[in-house]
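Here is a brisk report on how the parts of one protein chain fit together. Start with a look at the sequence and the fold.

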Amino acid sequence: MTPSSEIPPFPVISWPEADGPQSARWRSEAGVPPPKRVVIADDRTTADSAYRLACEGTALLWRGDFQNARQLLQAMSRRLERKPPKRATSPLDAFNLHRQAQSQRARTLGMLLIPLDADYTIPLRRAPNVQDACAETYGPAGADTSVVSLREVLGLIGAHEWRKKGVEIPALGERIHPYYGVFSPVRGEYIDLVARTPLPSQGLAFDVGTGTGVLAAVLAKRGVQKVVATDQDPRALACAQENLARLGYADSVEILDADLFPPGRAPLVVCNPPWLPARPASPIEYAIYDHESRMLLGFLNGLADHLEPGGEGWLILSDFAEHLGLRTRDDLLAAIDRAGLIVAGREDIRPRHPKAADASDPLHAARAAEVTSLWRLKAR
Ligand SMILES: C[S@@+](CC[C@H](N)C(=O)[O-])C[C@H]1O[C@@H](n2cnc3c(N)ncnc32)[C@H](O)[C@@H]1O
């Protein structure tokens, strides 16, 4: 509990309890504000009433058995799925409806809350040990009890497992271990493009927006003597550092906290910006959505000033946004031209991920037509 006379340096959630009003630190990695209406729920709460309350914007703070809460969340999720989907009139409409449905789902399912003790134990019957998963994302345990959505905690558990297990990267013959919120290289095809396109030089390369560090590692494995990799997200920087050290590239790859480019010029500058020009709905969506194409245009517009004479910029971009009507091919070509660049070549690859073949996916038509390209750009 937090004394009301002090203003804590974090958001606080308050709720009524039989023995008086209570409050605790509110945690939300998605940046969701603390719910205003909170009721206590337990093993007697039915899925119908939980779902109704959640749809109305009332959060349920769980006091029952952890595994029952998990089942309740699944039951709420099934009720959401029963709603007939709205019919889309165009691919862009389908994308907007899909995002709306995702955000409604996140809002509704995010209403089932659980308590976390200050040491990150969950004070509920049959609760798993989430201490490591919480410490990895929230930082070392402190002095405050907190409240968090069950959905977020399940996400932390999943992320912790991925981080431990890693993602197999055939081009490296090794695994990359993504951190929570860092772009995970699960779609290997874009990595294959970087692994097979002839290198303009083996001297130096920049990797702009390195995420897990996967492309920097591929370049180092291909014999590039020095790679400077940047990112702005502290989790990505820590994640890349750890991956590259584990793979034995700590000496050849330098990780830098920078907005886009490191200082200087290189014969090769690689960038895989988020592929969709749309507004991220939460901080963890910044690696998927590029608001107003800031990273794409920033990369194109700064590239000529960071290339050595004759050097190449490798832009990795899928045409998914084009199939959704979020960008046209002409927009991209015009932006390349305006930046004083020419296209020296392009390598294409088709996605192999299972979603591309899932006809029930509302974005299936766009996904089935998607091609990922490595654009070889040069200064004019
Ligand atoms: C789509 S992810 C690609 C990550 C990695 N290069 C890969 O291919 O798996 C884009 C990355 O760019 C980073 N990023 C976004 N804006 C940036 C900026 N202005 N400067 C540096 N990095 C940025 C994000 O944090 C994210 O890690």
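## Helix contacts

In helix 4, Asp132, Ala133, Cys134, Glu136 and Thr137 meet Leu156, Ile157, His160 and Arg163 of helix 5. By class, this contact of helix 4 with helix 5 has four nonpolar, two polar and three charged residues. The model is predicted.

How are the axes of helix 4 and helix 5 placed? They lie 9 Å apart, and the helices pack at an angle of about 90°. That makes helix 4 roughly perpendicular to helix 5, because angles of 65 to 115 degrees count as such.

Now take helix 6 and helix 7. Helix 6 covers residues 189–196 and helix 7 covers residues 214–221. Their packing angle is about 30°. Helix 6 and helix 7 are therefore roughly parallel to each other. The crossing of helix 6 past helix 7 is right-handed. Helix 6 brings Ile191, Val194 and Ala195 to the contact, and helix 7 brings Val214, Leu215 and Val218. The contact of helix 6 with helix 7 holds six nonpolar residues, with no polar and no charged ones.

The two pairs are set out here.

| Helix pair | Packing angle | Axis separation |
|---|---|---|
| Helix 4 and helix 5 | about 90° | 9 Å |
| Helix 6 and helix 7 | about 30° | 9 Å |

## Two domains

The chain is divided into domain 1 (12–161) and domain 2 (167–379). The domain centres, taken over C-alpha atoms, are separated by 33 Å. Domain 1 gives 17 residues to the contact and domain 2 gives 14 residues.

Which helices each supply at least two residues of the side of domain 1 that touches domain 2? They are helix 3 (91–109), helix 4 (131–138) and helix 5 (150–165). Helix 3 provides the largest share of that side, seven residues. By class, the side of domain 1 that touches domain 2 has ten nonpolar, five polar and two charged residues.

## The six-stranded sheet

One open sheet has six strands in the order 1-2-6-5-4-3, with mixed pairing. At its edges are strand 1 (12–17) and strand 3 (37–41), each of which pairs on one side only. From one strand to the next, the twist averages 40°.

Strand 2 (residues 20–27) and strand 6 (residues 146–149) run parallel and are joined by three bridges. Arginine 25 stands opposite serine 146 in strand 6. Helix 2 (residues 66–82) lies across strand 4 (58–62) and strand 5 (112–116). Helix 2 runs at about 160° to strand 5.

## The seven-stranded sheet

Another open sheet has seven strands, ordered 11-10-9-12-13-15-14, again with mixed pairing. Strand 11 (253–257) and strand 14 (341–349) stand at the edges with a single partner strand each, so one side of each has no neighbour in the sheet. Neighbouring strands of this sheet are turned by 20° against each other on average, direction ignored.

Strand 9 (residues 204–208) and strand 10 (residues 226–231) run parallel, joined by five bridges. What stands opposite aspartate 207 in strand 10? The residue there is alanine 229.

Helix 6 also meets strands. Helix 6 lies across strand 12 (266–271), strand 13 (307–318), strand 14 and strand 15 (372–379). To strand 15, helix 6 runs at about 40°.

Key: Residues numbered from 1 in each chain as written. Predicted model: local features only at pLDDT ≥ 70, side-chain atom pairs only at ≥ 80, totals over all residues. Domains from an automatic or database assignment. Contact = placed C-beta atoms within 7 Å. Helix = DSSP H or I, 4+ residues; strand = E, 2+ residues; numbered from the N terminus. Nonpolar A, V, L, I, M, F, W, Y, C, P; charged D, E, K, R; others polar. Axes fitted to C-alpha atoms, helices over the stretch in contact; angles between N-to-C directions. Parallel < 35°, antiparallel > 145°, perpendicular 65-115°, else oblique. Left-handed = near helix turned anticlockwise from the far one by under 90°. Pairing = 2+ DSSP bridges.
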